[in-house]
Amino acid sequence: MSTNRRQLLQSMLAAPALAGLAPSFRAFGQEADPFITAPEKAVDVFDFERLARKNLPPAHWGYLATGVDGDATLEANRSGFSNYSLRVRRLVDTRNVDMSVKLFDSTWETPIALDPVGSQKAFHPDGEIATAKAAQSRKHLLILSTVSSTSVEDVSAARGEPVWYQLYPTDQWAITQALVRRAEDAGCPVLALTVDLQGGSNRLTLARSIPRDARDCTACHATSRTRLSGFITGKPMFAGLDTAAVEDLTPPDMTWDYLKRLRDIWPRKLMVKGLVTREDAALAITHGIDGIVVSNHGGRAEDSGRPAIDSLAEVAEGVKGRVPLIVDGGVRRGSDIFKALALGATAVGIGRPYIWGLASFGQAGVERVLDILRAELAITMRQAGTRTIADINRSYVVDNRRG
Ligand SMILES: Cc1cc2nc3c(=O)[nH]c(=O)nc-3n(C[C@H](O)[C@H](O)[C@H](O)COP(=O)(O)O)c2cc1C
């Protein structure tokens, strides 16, 4: 691209007219770097974001990028990390940094987890298989979405071991039972019930992206009696199930009692994904939950405007180490991961960043995203004078709002 054209685009982006646009319009407005022609050329995860935007058709980009309403929570997830500064120590021998963490019965080389993202064939033809192979080659925890475009059996085979399974139970108990049994038969050691979409979600970037997509979508998106049953009919985890009556991925009347019901049919570790308060974390523990994913669904659930990292700090203070905590939402750099660990996370999940890698270069793109984040975490740990993940504690961060 010529310098003139780049300058023109940059000045357009800085123009007051664009600056005043709703965030969901801004989601369409940046250029990919023409020099990122191979995964190794990317220097941070944002290089993949721009490439993914260029590669993906508008509606699929909209599905990936979308927040809700005015994107307050989406933006807060990212900006929330700058409320915390690192408080680093000097003169520590950090030649041998050990990033490993133990979660339940497994030890992972790093605390970086690939959190559930549905419909990954929308981002690359290899979809979840590419992600699973990257998780395998780099030895990362992978949590598979209920609305995956590849089955739990095939993804586990590509990962080389059973993956963790994220559950959208639907509003039909017979389907819940079938999904849970299938995850159990596939050997999944952990089930994570997602609870943050019970109120629905108002995804405006997605809504705006659909009319921009001129393709015929009916080949992949089957139409059916209800919109949702049309969406899930083509998903492998629902194959052979009667989905006609499904109107919600989450039972609208779900309460804490539901966890007991789930407990009775799931014999292994049970996590809840989507808690953001100390009170709900306490209730989860009372109800026998084994672990919590502190998450606002990457800003795709409620329009709270509250950063996930603040929710983590609150939840960790309340939980006091009784159960492991995974946090996700806006994690884009090794220093973000470090801050989350310092504030009490056991592990740290990413969603969009690995999908940017997937949409850019398939498996190799996901691997490069993981390599970048691992390298950034390692350098942050060395700079801070922390040799192990256990060394990283609250004293290594300052909440700038409190001083
Ligand atoms: C395109 C997309 C699809 C997602 N699908 C699911 C899903 O099926 N189940 C789920 O529990 N969370 C889902 N999530 C939320 C992620 O698991 C995770 O909470 C979130 O992406 C973390 O924020 P980040 O994208 O800023 O890293 C999805 C997120 C995105 C971006």
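Start with two helices: H13 passes H14 in a right-handed crossing. Keep in mind that this is a predicted model.

**Stop 1: H13 and H14**

Select residues 278-286 for H13 and residues 308-319 for H14. Look at how they pack: the angle is about 45°, and the axes are 8 Å apart. That angle makes H13 oblique to H14, because oblique covers what is neither roughly parallel, roughly antiparallel nor roughly perpendicular.

**Stop 2: H7 and H17**

Now select residues 127-138, which form helix H7. Add helix H17, residues 363-384. Their axes lie 8 Å apart, and the packing angle is about 40°. H7 and H17 are therefore oblique to each other. Turn the view until one helix lies in front of the other. H7 passes H17 in a right-handed crossing.

**Stop 3: H15 against H17**

Keep H17 selected and hide H7. Bring up helix H15, residues 334-342. At what angle do the axes of H15 and H17 cross? The crossing is at roughly 60°, and the axes come within 7 Å. H15 and H17 are therefore oblique to each other. Here too the handedness can be read off: H15 passes H17 in a right-handed crossing.

**Stop 4: the shell around the ligand**

Leave the helix pairs and select the ligand. Show the residues around it: there are 24. The closest are Pro116, Ser145, Thr194, Asp328 and Arg332. Colour the shell by residue type. You should find eight nonpolar, ten polar and six charged residues.

Which helices should you highlight for supplying at least two residues of the shell each? Two to pick are H5, residues 58-65, and H16, residues 352-361.

**Stop 5: polar atoms at the ligand**

Zoom in on three side chains, one at a time.

- Threonine 194: an N or O atom of the side chain is 2.7 Å from an oxygen atom of the ligand.
- Arginine 332: a polar side-chain atom lies 2.8 Å from a ligand oxygen.
- Glutamine 166: here the ligand atom is a nitrogen, 3.2 Å from an N or O atom in the side chain.

Finish with a surface view of the ligand. How much of the ligand's accessible area does the protein cover? On its own the ligand has 600 Å², and the protein covers 99% of that.

Note on methods: Residues are numbered from 1 along each chain as its sequence is written. This is a predicted model: local features need pLDDT of at least 70, side-chain atom pairs count only at pLDDT 80 or more; totals for chains, interfaces and linings use all residues. Side-chain values use heavy atoms; hydrogens and water are left out. A residue is near a molecule or strand if one of its heavy atoms lies within 4 Å of it. A polar contact is a pair of N or O atoms within 3.5 Å; within protein, one must be able to donate a hydrogen and the other to accept it, and residues adjacent in sequence count only if both atoms are side-chain atoms. Accessible areas come from the Shrake-Rupley method with a 1.4 Å probe; for residues, only the protein chains shown count as cover. Helices (H or I, at least four residues) and strands (E, at least two) are DSSP runs, numbered from the N terminus. Ala, Val, Leu, Ile, Met, Phe, Trp, Tyr, Cys and Pro count as nonpolar, Asp, Glu, Lys and Arg as charged, and the others, Gly among them, as polar. Axes are lines fitted to C-alpha atoms, for helices over the stretch in contact, and angles run from 0 to 180 degrees between N-to-C directions. Angles under 35 degrees count as roughly parallel, over 145 as roughly antiparallel, 65 to 115 as roughly perpendicular and the rest as oblique. A crossing is left-handed if the near helix is turned anticlockwise from the far one by less than a right angle, and right-handed if clockwise.
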